[in-house]
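Please open the model in your viewer and keep the selection tool at hand. The stops below take you from one place to the next.

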Amino acid sequence: MQALRSLFSGRGLVIAVPFLFLIVFFLAPFLIVGKISVSEMETVTFKDIVTYSEGVLQLSIKLSNYIFITQDSLYFKTYLASLQYAAATTVLCLLIGYPFAYFMARAKSTVQPVLLMLVMLPFWTSFLLRVYAWRGLLTEGGWVSEAIIALGLDRVLYALGLIATPGTLMHTPFSLVLGMTYTYLPFMILPLYGNLAKMDLRLLEAAADLGATPWTAFWKITVPLSKAGIIAGSMLVFIPCVGEFVIPELLGGPETLMIGRVLWDEFFSNNDWPMASSVAVVMVLLIIVPLAIFNKYQAEAQEARK
């Protein structure tokens with residue numbers, strides 16, 4: 001009775017609401033997808049994995065899809081490519097977003113709302129329209145494409161292996177990473193700004209009084225104290241980038257095949273829902289398992305510091 005009363009108390013409800021949200025909108029759909037991944041498909045329906053007949057309870061789980069994923073190099077390459085492009089996008093967003101967030105946090109309080117609005121301004125326009133705009137900017141004759149070619153940067157990109165031939169920027173790893181960096185940059189800036197804006201500036205003053213240079217104070221104080229913002233921003237960028245479909249479809253090409261495109265093909269071209277569900281389950285596990293391990297060690301490190 002006491003446990004039931006505590007559940008319906010204010011604190012219990014505050015804790016229960018997010019858990020209920022996760023169960024309804026994450027755990028339940030994930031379990032449904034997991035069930036489909038181990039089921040046999042019959043035209044447009046799926047066989048039940050648990051059957052009961054004449055007093056016999058039978059469990060039928062099909063693991064051939066998961067075995068096929070481990071044996072077919074296509075899936076390994078697409079998983080690896082997705083992780084690589086997501087990691088590259090995350091690093092670029094961090095390198096671009098951290099100085100911008102730092103500038104926002106150190107700007108005058110009257111200017112900060114304007115800068116914050118400028119960061120959120122792209123969200124006022126359709127995501128699809130913004131990606132299509134980059135198609136026009138990067139195709140032949142687009143002003144971004146013309147500027148890159150005029151500066152000779154296309155030859156640098158070619159030397160780095162980011163484009164197939166000088167002068168061709170579309171449907172390359174360069175256009176893909178550029179599009180994802182542009183799209184997800186605000187997701188890096190906002191948590192970094194929130195973290196840096198709350199930092200106690202007296203620590204920097206104390207470091208200066210002790211003889212530390214601004215650069216030393218930045219690396220020894222600012223960066224470690226902004227670790228939570230870096231991790232939050234990196235996760236907000238990396239996780240959606242792994243399963244991205246629209247940007248690789250519009251800006252990428254055959255060389256930039258990612259797992260989102262493979263999922264689309266399995267679902268709608270091959271109409272193989274169990275196989276597509278298996279690919280989706282493996283993709284989710286590739287993201288969640290490392291995150292869970294990281295959170296575990298981070299919690300243990302925090303406990304050790306206490």
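Is Glu249 buried, partly exposed or exposed? Select Glu249: with a relative accessible area of 38%, Glu249 is partly exposed, because that class lies between buried (under 20%) and exposed (over 50%), using a 1.4 Å probe and protein chains only. Before going on, note that this is a predicted model, in which local features need pLDDT of at least 70 and side-chain atom pairs count only at pLDDT 80 or more, while totals for chains, interfaces and linings use all residues. Residues are numbered from 1 along each chain as its sequence is written, and side-chain values use heavy atoms, with hydrogens and water left out.

Next, add Arg261 to the selection, where the side chains of Arg261 and Glu249 meet in a salt bridge of 2.6 Å, N to O; the term means a side-chain nitrogen of Lys or Arg within 4 Å of a carboxyl oxygen of Asp or Glu. The pair links distant parts of the chain, with Arg261 in helix H14 (residues 259-269) and Glu249 in helix H13 (residues 246-251), 12 residues apart; helices here are DSSP runs of H or I with at least four residues, numbered from the N terminus.

Now select Asp265, which forms a salt bridge with Arg261, the closest N and O atoms being 3.4 Å apart. Asp265 and Arg261 both lie in helix H14, 4 residues apart, about one turn of the helix. Glu249, Arg261 and Asp265 are thus linked in a network of salt bridges.

Finally, move to Arg202, which is exposed at 60% relative accessible area, and find its salt bridge with Asp200, where the closest N and O atoms are 2.9 Å apart.

Methods
Helix = DSSP H or I, 4+ residues; strand = E, 2+ residues; numbered from the N terminus.
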